[in-house]
Amino acid sequence: TVTTVGVPPVMGNITTIFQTNNGGANGGAVYFDVTVGADDINITDIDINTDEAGAFTMEVYTLVGTYVGNTGSAGPWTLSATGSGTAAGVDVPSNAVLDVPVVLSAGTTYGMALVLDATHGHSYSGTGTDPAPGQTSYSNADVTLSLGSASNAPFNGAPFTPRIFNGNINYTVGTPASATIDFDCSNLGENLVEVMVTDAS
């Protein structure tokens, strides 16, 4: 018996902007909300904007609900993944590959906080009450981003608002297909099993 479950995952991406007019301290955080559409998404890597060169790491924190009102304490947040990469320069995507995918459920809003290491700072947009350049909302068929705030020390004190996260969120939609094969005593000896695999590309 062979049972197939799930839908092969499809790659997705949402991009904000890479045109900074402001920036935070090294080790700082940016905050925004992610509202997931009709299907679960699995975030695999995130592109950020940073002035500082060299290898960097980034912690990805999430909570169910909105980041608004939750930036002053680490208590509500869960460390969901750690990313690493090499900075490419200001206003150029610097890719951070996550150690584990961040799974976000369909029809749910999540607060997200991206915290950089002590040698890198976020370059973002928005000064005072003027978010330009950059919109405060970005969306596609899979996800909506509501932006955003930032703080020079993560989860500490009142954040600067608005602050527009400069970046790309790369993800897959759907769940991988899986198969089970049941053997019994009639299958003793050598058995030929043909397996066909389709990757994300």
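Q: What makes strand β6 and β7 count as a pair in this predicted model?
A: Strand β6, which covers residues 54–64, and β7 are joined by nine bridges and run in the antiparallel sense. Two strands are called paired if there are at least two bridges between them, and nine bridges meet that condition, so the word "pair" applies here. One place to look is Ala55, which stands opposite Thr86 in β7.

Q: Why can β7 and β8 also be called paired?
A: Two bridges join β7 to β8, and these strands run antiparallel. Since at least two bridges are required, a count of two satisfies the rule, and therefore β7 and β8 are paired. In β8, Leu98 is the bridge partner of Gly83. The two strands form a hairpin with six residues between them, and in its turn Gly89 has a positive phi of about 115 degrees.

Q: What is notable about the phi of Asp91, and where does this residue lie?
A: The phi of Asp91 is near 65 degrees, which is a positive value in a residue other than glycine. Most residues other than glycine have a negative phi, and that is why such a value is pointed out. Asp91 is found in the loop between β7 (78–87) and β8 (94–104).

Q: Is Asp91 buried, partly exposed or exposed, and how do you know?
A: The relative accessible area of Asp91 is 32%. Buried would need a value under 20% and exposed a value over 50%; 32% falls in between, so Asp91 is partly exposed.

Q: Which class of burial fits Phe155, and what is its phi?
A: Phe155 has a relative accessibility of 11%, and because this is under the 20% limit, Phe155 counts as buried. Its phi is near 55 degrees, again a positive value in a residue other than glycine. Phe155 sits in the loop between β12 (143–151) and β13.

Q: Why is the pair of rings formed by Tyr61 and Phe155 given the name it has?
A: The structure holds six aromatic pairs. In the pair of Tyr61 and Phe155, the ring centres are 5.2 Å apart, which is within the 6.5 Å limit, and the planes stand at 80 degrees, which is over 60, so the pair is called edge-to-face. Tyr61 lies in strand β6 while Phe155 lies in the loop between β12 and β13, so the pair ties together parts that are 94 residues apart in sequence. Both Tyr61 and Phe155 are buried. Ring pairs also link Tyr31, Tyr61, Tyr67, Trp77 and Phe155 into a cluster.

Q: How do you know what kind of contact joins the side chains of Ser151 and Tyr31?
A: The distance between the side chain of Ser151 and the side chain of Tyr31 is 2.6 Å. The limit for a polar contact is 3.5 Å, and 2.6 Å is within that limit, so the distance agrees with the listing of this pair as a polar contact. Ser151 lies in strand β12, and its relative accessibility of 4% is under 20%, so Ser151 counts as buried. Beyond its neighbours within four places in sequence, Ser151 is in contact with Gly28, Ala29, Tyr31, Pro159 and Phe160.

Q: Which residues touch the most other members of the largest nonpolar core, and which elements contribute to this core?
A: This core has 34 residues, of which Phe32, Ile43, Val60, Leu104, Leu114 and Phe165 touch the most other members. The elements giving two or more residues to the core are β4 (29–36), β5 (41–48), β6, β7, β8, β9 (109–116), β12 and β14 (168–173). Leu104, leaving aside its neighbours within four places in sequence, is in contact with Val34, Val36, Asp40, Ile41, Ile43, Tyr110 and Met112. A second, separate core of nine residues includes Tyr31, Ala113, Val115 and Phe155.

Q: Where are cis peptide bonds found, and why are they worth pointing out?
A: One cis peptide bond joins Ala132 and Pro133, with omega about -5 degrees, and Pro133 is in the loop between β10 (123–124) and β11 (137–139). Another joins Thr161 and Pro162, with omega likewise about -5 degrees, and Pro162 lies in strand β13, residues 160–163. Such bonds are worth pointing out because most peptide bonds are trans.

Q: How many helices and strands does the protein have, and what share of its residues is buried?
A: The protein has zero helices and 15 strands, and 39% of its 201 residues count as buried.

Definitions and conventions:
Residues numbered from 1 in each chain as written. Predicted model: local features only at pLDDT ≥ 70, side-chain atom pairs only at ≥ 80, totals over all residues. Heavy atoms only, no water. Helix = DSSP H or I, 4+ residues; strand = E, 2+ residues; numbered from the N terminus. Buried < 20%, exposed > 50% of the residue type's maximum accessible area, 1.4 Å probe, protein only. Polar contact = N/O pair within 3.5 Å; in protein donor to acceptor, adjacent residues only side chain to side chain. Contact = heavy atoms within 4.5 Å. Phe/Tyr/Trp six-rings, centres within 6.5 Å; stacked < 30°, edge-to-face > 60°. Core = buried A, V, L, I, M, F, W, Y, C linked by side-chain atoms within 4.5 Å.
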